[in-house]
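Me: I would like to go through the labels attached to this model and ask, for each one, what justifies it. Please set the value against the criterion every time.

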Amino acid sequence: PEPDGIVLNRPAGSLAGVPTPSDIRLLIEAADSTLNYDLMVKAALYARAQIAEYWVVSLPERRLYVHRRPEDGVYRNIASYSEHDTVSPFDDASRAMAVSALLPAGPNE
């Protein structure tokens, strides 16, 4: 699978080819019509690959699903956030950001 966004553990220029799971710190998917696939199939693939953190931005729901702690092929920690919430990448409160920053402008904005 090809994610919509990726955060690497090191600069992209230092990679020789396609990043391996150990190179990846965070994967992000933007889901419009693929939400179930992204939450089920891709989440299982990424958990088996030991991707530490996987986010799914649900555009129709205006929600963020955060998957953390992959163990035995599944994510042990899954949380859902509304567009009014904040989330901390890498579970680091000093990096907190608004979920709305990941979403396109709403109809009233």
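Me: What makes the pairing of Glu71 with Arg69 a salt bridge?
Reply: In this predicted model, the closest N and O atoms of Glu71 and Arg69 are 3.1 Å apart, and because the criterion asks for a side-chain nitrogen of Lys or Arg within 4 Å of a carboxyl oxygen of Asp or Glu, the pair qualifies as a salt bridge. In general, side chains of opposite charge can pair when their charged atoms come close.

Me: Why are Glu71 and Arg69 called partly exposed?
Reply: The label covers relative accessible areas between the buried limit, under 20%, and the exposed limit, over 50%; Glu71 has 34% and Arg69 has 47%, so each is partly exposed.

Me: How do you know that Arg76 and Asp72 form a salt bridge, and which residues are linked with them in a network?
Reply: Their side chains meet at 3.5 Å, N to O, which satisfies the requirement of lying within 4 Å, and the network of salt bridges links Arg69, Glu71, Asp72 and Arg76. Asp72 counts as exposed because its relative accessibility is 73%, where the class begins over 50%, whereas Arg76, with 43%, is partly exposed.

Me: What supports the salt bridge between Asp92 and Arg95, and how many salt bridges does the structure hold?
Reply: The N to O distance between the side chains of Asp92 and Arg95 is 3.2 Å, and since the cut-off is within 4 Å, the pair is counted as a salt bridge; the structure holds 9 salt bridges. Asp92 is partly exposed at 27% relative accessibility, and Arg95 is partly exposed with a relative accessible area of 44%.

Me: Is Asp38 buried or exposed, and how do you know?
Reply: Asp38 counts as buried because its relative accessibility is 2%, and the limit for that class is under 20%. Asp38 is placed in helix 1 and, leaving aside its neighbours within four places in sequence, is in contact with residues including Glu29, Tyr54 and Val56.

Me: Why does Met40 receive its exposure label?
Reply: Met40, which lies in helix 1 (residues 35-48), has 59% relative accessibility and therefore counts as exposed, the threshold being over 50%. Together with Tyr37, Val41 and Leu45, Met40 forms a nonpolar surface patch with about 380 Å² of accessible area.

Me: What makes strand 3 mostly covered?
Reply: In strand 3, 6 of its 6 residues are buried. Glu53, Trp55 and Val57 point one way from the strand, Tyr54, Val56 and Ser58 point the other way, and all are buried.

Me: How do you know that strand 2 and strand 3 pair?
Reply: Pairing requires at least two bridges between the strands, and strand 2 and strand 3 have 5, in the parallel sense, so they pair. Within this arrangement, Glu29 stands opposite Val56 in strand 3.

Me: Why is Leu59 called partly exposed, and what is Leu59 in contact with?
Reply: Leu59 has a relative accessible area of 30%, so it is partly exposed, lying between the limits of under 20% and over 50%. Leu59 sits in the loop between strand 3 and strand 4 and, leaving aside its neighbours within four places in sequence, is in contact with Ala31, Asp32, Leu103 and Pro104. The C-alpha atoms of Leu59 and Asp32 are separated by 5.4 Å, although these residues are 27 residues apart along the chain.

Note on methods
Residues are numbered from 1 along each chain as its sequence is written. This is a predicted model: local features need pLDDT of at least 70, side-chain atom pairs count only at pLDDT 80 or more; totals for chains, interfaces and linings use all residues. Side-chain values use heavy atoms; hydrogens and water are left out. Patches are made of residues with over 30% relative accessible area and no salt bridge: like charges are joined within 9 Å, nonpolar side chains (Val, Leu, Ile, Met, Phe, Trp, Tyr) within 5 Å. Accessible areas come from the Shrake-Rupley method with a 1.4 Å probe; for residues, only the protein chains shown count as cover. Helices (H or I, at least four residues) and strands (E, at least two) are DSSP runs, numbered from the N terminus. Buried means under 20% relative accessible area, exposed over 50%, partly exposed in between (1.4 Å probe, protein chains only). Contact means heavy atoms within 4.5 Å.
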